[in-house]
Amino acid sequence: MKNKFKPHRYSDLESFERLLLLIAILVKYPGVGYRDRNLLDTTEIHYNALEEVKFYLQKLADQLGIDLPEDYPAITTLRKDLETLKDYQILEKRMYRWGYYLGTGVMSPLELKIALDALESLAIKQGDPRIRKITEQFKKRLRGFAALEDQQLFYPVRQQLNHAINYTDPDEMMEKGVYRQTLFHHIHILETAIIEGQIIEISRKKDLYDNKRVGIMKVYPLQLIYHNVAWYLLHEDYKNEHLVISRVNRLGNYCKILEPSGRGINKQKQSLTKAYQLLENGWGLKLGNLEEQKQELAGKLNFVKAKVRFFYPVSQFIEEGERRHPKQKIKRGKIDPQTHQPQYIDYSVALPLRSLDEFYFWLNSYGEYVQVLAPSELVERHQRSALTLVSRYGCNKDNIT
């Protein structure tokens with residue numbers, strides 16, 4: 001016996017087309033229905049997200065030549081349609097406070113393009129092996145889409161040229177026969193420990209700063225950071241909460257989870273906030289010793305005012321860096337009548353004592369175009385450095401030609 005046809009709410013063509021139009025706009029306009037409350041008109045009392053959904057549904061119907069009744073569909077009808085999509089797990093059974101989208105399809109083609117550029121940069125230039133594999137998977141899945149877009153999706157509009165100067169990818173190490181005993185072989189464990197807030201045991205195999213920090217450490221890993229030419233691990237001592245940033249290739253091929261339960265993401269965020277407060281105050285990645293950190297985070301640490309004079313033409317590049325440091329001050333010197341540019345600029349910034357080393361290394365990159373004015377210990381250090389250079393080139397400091 002043939003099954004009898006059982007009518008349902010989408011049996012008629014109009015209802016069926018409405019449901020398909022709704023699915024289509026969720027695909028075409030991910031996040032539809034979300035409105036940033038900061039952008040709302042203060043005179044607007046209430047905003048109904050489904051009004052925007054209705055607008056795009058009517059717009060798409062018009063584009064497809066589908067005639068809809070006036071002011072159709074009703075908001076209550078759309079709400080029921082969305083519940084139907086949830087019943088069939090097309091949408092998740094939850095509140096969509098940030099707009100409607102299907103599964104993980106939260107990006108428009110333009111947003112996807114920008115995200116893909118960023119991922120590829122991380123995968124290639126910064127040598128992240130996991131992201132390299134994810135990027136390769138994305139490209140395979142998007143080949144059909146890219147063909148429709150005339151391959152524009154894969155053209156690198158944005159690129160990050162800073163690249164890692166040491167090996168970071170275990171697969172690449174194996175291929176090239178350059179196996180390195182570093183923490184890069186345990187990145188997947190490390191990333192899980194960061195999210196869960198787990199205590200891990202890692203090993204520092206070398207200390208190039210002669211601080212005698214070598215051997216086993218028990219820490220909460222907080223974040224992987226890429227800076228200039230290398231990857232670093234921001235971590236916190238599990239006992240005294242001392243925050244440290246360590247270069248990953250200087251950590252050994254060892255990572256053991258000690259506390260599987262973890263302390264949770266909120267505690268991780270609290271520690272991360274403290275670390276970034278220290279980073280914003282300072283210069284570079286050195287976060288100082290435990291006592292310095294406690295005083296600095298409590299607002300009780302006195303900062304040192306560093307003042308440097310940069311001469312033309314380097315002064316132009318320094319002045320261009322308007323956001324090099326949040327507390328910097330730049331003062332122009334006298335204008336040269338020939339170049340119409342200041343002969344020099346004075347650059348000053350208040351820094352914690354822990355940051356003077358890294359600040360000084362930055363200054364040295366500008367060679368003879370730099371004169372340190374303060375503090376006195378930095379002035380003396382710069383003078384000694386200049387005299388050392390003179391002696392290395394075999395010149396008499398009293399009779400330089």
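**Exercise 1. List the buried residues of helix α9, find what they pack against, and check the length of the helix.**

Step 1. The buried set in α9 is Gln268, Ser271, Ala275, Leu278, Leu279 and Asn281. Keep in mind that we're working with a predicted model here.

Step 2. Now look for their packing partners. The helices in contact with these buried residues are α8 (187-196) and α10 (290-297), and the strands are β2 (215-227), β3 (230-237), β4 (243-247) and β8 (344-351).

Step 3. Time for the ruler. α9 covers residues 265-281, which is 17 residues, so at 1.5 Å a residue it should span 24 Å. The end C-alpha atoms of α9 sit 24 Å apart, in agreement with that.

**Exercise 2. Asn281 of α9 has a polar contact with Glu296; describe the setting of Glu296.**

Step 1. Place the residue: Glu296 belongs to helix α10.

Step 2. Is Glu296 buried or exposed? The cut-off for buried is under 20% relative accessible area. Glu296 comes out at 5%, so it counts as buried.

Step 3. Check the polar partner. The side chains of Glu296 and Asn281 make a polar contact at 3.0 Å.

Step 4. Collect the other neighbours. Leaving out residues up to four places away in sequence, Glu296 touches Gln277, Leu278, Asn281, Leu301, Phe303, Pro352 and Arg354. Two of those names, Leu278 and Asn281, also turn up among the buried residues of α9.

**Exercise 3. Work through helix α2 from its start to the residue just after it, covering its length and its buried residues.**

Step 1. Begin at the start of α2, where a side-chain oxygen of Asn48 comes to within 3.0 Å of the backbone nitrogen of Leu50.

Step 2. Do the length check. Helix α2 runs over residues 49-63, and its 15 residues should span 21 Å at 1.5 Å a residue. The distance between its end C-alpha atoms is 22 Å, which agrees.

Step 3. Pick out the buried residues: Leu50, Val53, Lys54, Tyr56, Leu57, Leu60 and Ala61. They pack against α1 (13-28) and α3 (75-87).

Step 4. Step just past the end of α2, and you meet Gly65 with a positive phi of about 75 degrees.

**Exercise 4. Decide how the buried residues of α13 are arranged around its axis.**

Step 1. Name them: in α13, Leu378, His382 and Val390 are buried.

Step 2. Look at the arc. These buried residues cover only 120 degrees around the axis, which means they lie on the same side of α13.

Step 3. Flip to the face turned away from the buried side, and there are the exposed residues Arg384 and Arg392.

Step 4. Ask what covers the buried side. Among the covering elements are α12 (356-364) and β9 (370-374).

Step 5. Finish with the geometry. α13 (residues 376-392) has 17 residues and reaches 24 Å from first to last C-alpha, close to the expected 24 Å. Just after the helix, Gly394 has a positive phi of about 70 degrees.

**Exercise 5. Trace the five-stranded sheet, strand by strand.**

Step 1. Write down the order: β4-β3-β2-β1-β5, an open sheet with antiparallel pairing.

Step 2. Which strands stand at the edges? They are β4 and β5 (251-257); each has a single partner strand, so one side of each has no neighbour in the sheet. From one strand to the next, the twist averages 45 degrees.

Step 3. Follow β1 (residues 200-204) in both directions. Four bridges link β1 to β5, with Ile202 opposite Cys255. Five bridges link β1 to β2, where Ile202 has Met217 as its bridge partner.

Step 4. Move on to β2 and β3, which pair over eight bridges. One of the matched pairs is Leu224 with Leu233 of β3. The hairpin of β2 and β3 has two residues between the strands, and Asn228 takes a positive phi near 60 degrees there.

**Exercise 6. Set out the four-stranded sheet and the helix lying across it.**

Step 1. The order is β7-β8-β6-β9, again an open sheet with antiparallel pairing. Its edge strands are β7 (329-332) and β9, and neighbouring strands are turned by 20 degrees on average, direction ignored.

Step 2. Zoom in on β7 and β8, joined by four bridges. Lys331 has Asp346 of β8 as its bridge partner.

Step 3. Add the helix: α12 lies across β6 (304-311), β8 and β9, at about 0 degrees to β6.

How values were computed:
Residues numbered from 1 in each chain as written. Predicted model: local features only at pLDDT ≥ 70, side-chain atom pairs only at ≥ 80, totals over all residues. Heavy atoms only, no water. Expected span 1.5 Å × (residues − 1). Buried < 20%, exposed > 50% of the residue type's maximum accessible area, 1.4 Å probe, protein only. Contact = heavy atoms within 4.5 Å. Polar contact = N/O pair within 3.5 Å; in protein donor to acceptor, adjacent residues only side chain to side chain. Arc of directions from axis to C-beta. Pairing = 2+ DSSP bridges. Axes fitted to C-alpha atoms, helices over the stretch in contact; angles between N-to-C directions.
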